[in-house]
Amino acid sequence: MSTDTQPGAESPADAFVAQPFLREQLGLDGARSRGGDRNGDGGADRADDGGHSRLPVDIRASLELVRPSHGRFHGAKFSLGYFPAHDVFATDADKFGYLTKPRVRARSRLPLNATSRALLEKLGHLMGNSGRETAPDSATPSGFTYVGQFVDHDITLDVSSALDAPELVDANVINNMRSPMLDLDSVYGKGPAVDAFLYAAPAPGEPPSAFRMLLGSNLPSGLGGAGGTAGAAGMVAHTDFDVPRTSALTAIIGDPRNNENLIVSQLHHAMLRFHNAIVDSLVASGFTGDVFVEAKRQATLHYQWAVVHDFLPRICGQAAVDAALAATDLGHPNSPFRMPVEFSVAAYRFGHSMIRDEYWLNFELRNKPMTDVFRFIHEPHLPVRSNWVVDFNAFFETGIAVPVFNSARKIDSVLASALEDLDGNGLPNELMGVLAARNLLRGLVLGLPSGQATAAALGVPVISGAALTAGLPADEIAVLEEEGGLLLEKTPLWYYILREAMVATGGEHLGPLGAKIVADTFVRMLRRDALSLLNVAFAPTLGATPGSFTFADLVRVAKVIGA
């Protein structure tokens, strides 16, 4: 496997290739012109607007939908001018890139034209149509759907690529605004010395380095959360089971996307408590070193262990994880790295197909629709209502029984219909649109290679057209066969990987190509991190079983599953 490792941006002009409207606003092309491209469409609707271009439509829409009443940070686009200059301009700034070589992409990608866009929009709409899911649930607990989302927010953030770009966008010019390491910067930020607003000061008499993560309060609304072994009788009216929030109810967390739905927000809250539990243990043991450094080290290494030994085997299959760990060509400490879009825009978007339309949240909130999972994390339901605190015994195999256990949907080309209407108003979400169509169009604009060509390039067996279409509804097959079977000949990588999972594993986990891309990318990220569990001596100590640690252990240590 090879990755593009071109150097970072050499100048401000280079850095803003993905957002040309900023070059004019910041005067990077000399004197600022008057008027400009008001709609980001190459020049339409020009008018004198005070000397520089109006914000492009995707950024304008994002700024409306990140208001507290919506909180839609997922897929939101922002001006790169919002970020520190070093994170944008520096030659070592993190960027996206490609796994496959330019010639593979050039000969196998779909043409960027109106025909391809129309086909992908048709296919995307079909993928989210209600009533299409006929396969039973997978064996994977639903908690791992949201672990996947949490991890994604720890390693990737693209704020600048545009779905409606008239020409191909080179991923190498797109900044990754998160550190591509499993370092929990989405939780810790830049630490208590810089991002002090994330932290609670040590209690009187404690070591001065015993920094805990701030927790939030709950809106009093009755009993909720985990009942533990007592079941419904064990529920309480929680007062401190939310992430911290400002007076305007904005989440005070390292990545706002972790507050976009109730389940991932409650998982982030569990991560805060996980750190705090380790601090409590270190203080109680009389630890004499820097308590925060040791707690962060333990939390990060246990989290990495759970990703490698619990999450990845469930998503990729153990064989793919073992092969990646045994590979000798997946990097070394401080080696160059660009987050491959074959991973971030295709293979790692498997989780969208695992989302359920309904979830059992706790003993009082049974079978709540996905729209409520989004609605009850925004005004007027903030802070999180005490009766909406999530019972993670229904999401991870904790050993504590619940009446209904949420299993993830199988990985296939069917997405929960709720993803077409996350606001619950009967209309497609203005920013997300139809999520499947947006995923497909992003791959088109970034010039991703076809699934078939990617498999061949990475030495993975290519699935046949007959296998690709086996069991699909007639209307979906018809779209794939339009234009002389264009989508069957050059199948979009994301769609191919979803279908491969169903063909190869019955949807229980990713197939050979998807699993290789995901497992190899995670191992590469860990290999290049000198402090990761693949480069330091580490054995987990916090699991229920010595030498093991799972996400079920994490929520147990965090004390969010009841007694």
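**Confidence first**

pLDDT is the predictor's confidence in each residue, on a scale from 0 to 100, and I began with it since what I have open is a predicted model. I noted that the chain averages a pLDDT of 89, with 90% of the residues scoring at least 70. I then looked for weak stretches and marked residues 31-52, where pLDDT stays under 50 and for which the model has 44 contacts beyond four places in sequence. I marked residues 427-433 as well, again with pLDDT under 50, and with 22 contacts beyond four places in sequence. Where pLDDT is low, the predicted coordinates should not be read in detail.

**The chain as a whole**

I counted 20 helices and six strands in the chain, and I found that buried residues make up 58% of its 563 residues. When I took the contacts between residues at least 6 apart in sequence, 74% of them turned out to join residues at least 24 apart.

**Helix 18 against helix 19**

Next I looked up how helix 18 (residues 493-505) lies against helix 19 (residues 512-527), and I recorded that their axes come within 7 Å and cross at roughly 115°. On the helix 18 side I listed Leu493, Tyr496, Ile497, Glu500 and Ala504, which meet Pro512, Leu513, Gly514 and Ile517 of helix 19. By character, I sorted the residues of this contact into seven nonpolar, one polar and one charged.

**Aromatic pairs**

My search of the whole structure for aromatic pairs gave 20 of them. I looked at Phe144 and Phe551 in detail: their ring centres are 6.1 Å apart and their planes stand at 85°, over the 60 degrees required, so I entered the pair as edge-to-face. Phe144 belongs to helix 7 (residues 143-155) and Phe551 to helix 20 (residues 551-557), so that the pair links distant parts of the chain, 407 residues apart. Both rings belong to residues I classed as buried, because Phe144 has a relative accessibility of 2% and Phe551 a relative accessible area of 3%, against a cut-off of under 20%.

I then turned to Trp305 and Phe538, an edge-to-face pair with 6.2 Å from centre to centre and 70° between the planes. Trp305 lies in helix 10 (residues 291-316), whereas Phe538 lies in the loop between helix 19 and helix 20, so the pair ties together parts that are 233 residues apart in sequence. I entered Trp305 as buried, at 16% relative accessibility.

Going back to Phe144 and Phe551, I found them in one aromatic cluster together with Tyr146, Tyr359, Phe392, Phe395 and Phe396. I also checked for a charge over a ring and noted the charged end of Arg105 sitting over the ring of Tyr98, 3.6 Å from its centre.

**Two loop residues**

I looked up Gly547, which lies in the loop between helix 19 and helix 20, and found it partly exposed, with a relative accessible area of 40%. Leaving aside neighbours within four places in sequence, I saw Gly547 in contact with Trp305 and Pro540.

My last entry concerns Asp290, placed in the loop between helix 9 (262-284) and helix 10. I entered Asp290 as partly exposed, at 39% relative accessibility. The C-alpha atoms of Asp290 and Ser209 are separated by 5.6 Å, although these residues are 81 residues apart along the chain.

Key
Residues are numbered from 1 along each chain as its sequence is written. This is a predicted model: local features need pLDDT of at least 70, side-chain atom pairs count only at pLDDT 80 or more; totals for chains, interfaces and linings use all residues. Side-chain values use heavy atoms; hydrogens and water are left out. Axes are lines fitted to C-alpha atoms, for helices over the stretch in contact, and angles run from 0 to 180 degrees between N-to-C directions. Helices (H or I, at least four residues) and strands (E, at least two) are DSSP runs, numbered from the N terminus. Contact means heavy atoms within 4.5 Å. Ala, Val, Leu, Ile, Met, Phe, Trp, Tyr, Cys and Pro count as nonpolar, Asp, Glu, Lys and Arg as charged, and the others, Gly among them, as polar. Rings of Phe, Tyr and Trp (its six-membered ring) pair if their centres lie within 6.5 Å; planes under 30 degrees apart count as stacked, over 60 as edge-to-face and the rest as tilted. Buried means under 20% relative accessible area, exposed over 50%, partly exposed in between (1.4 Å probe, protein chains only). A charge sits over a ring if NZ of Lys or CZ of Arg is within 6 Å of the ring centre and within 35 degrees of the ring normal.
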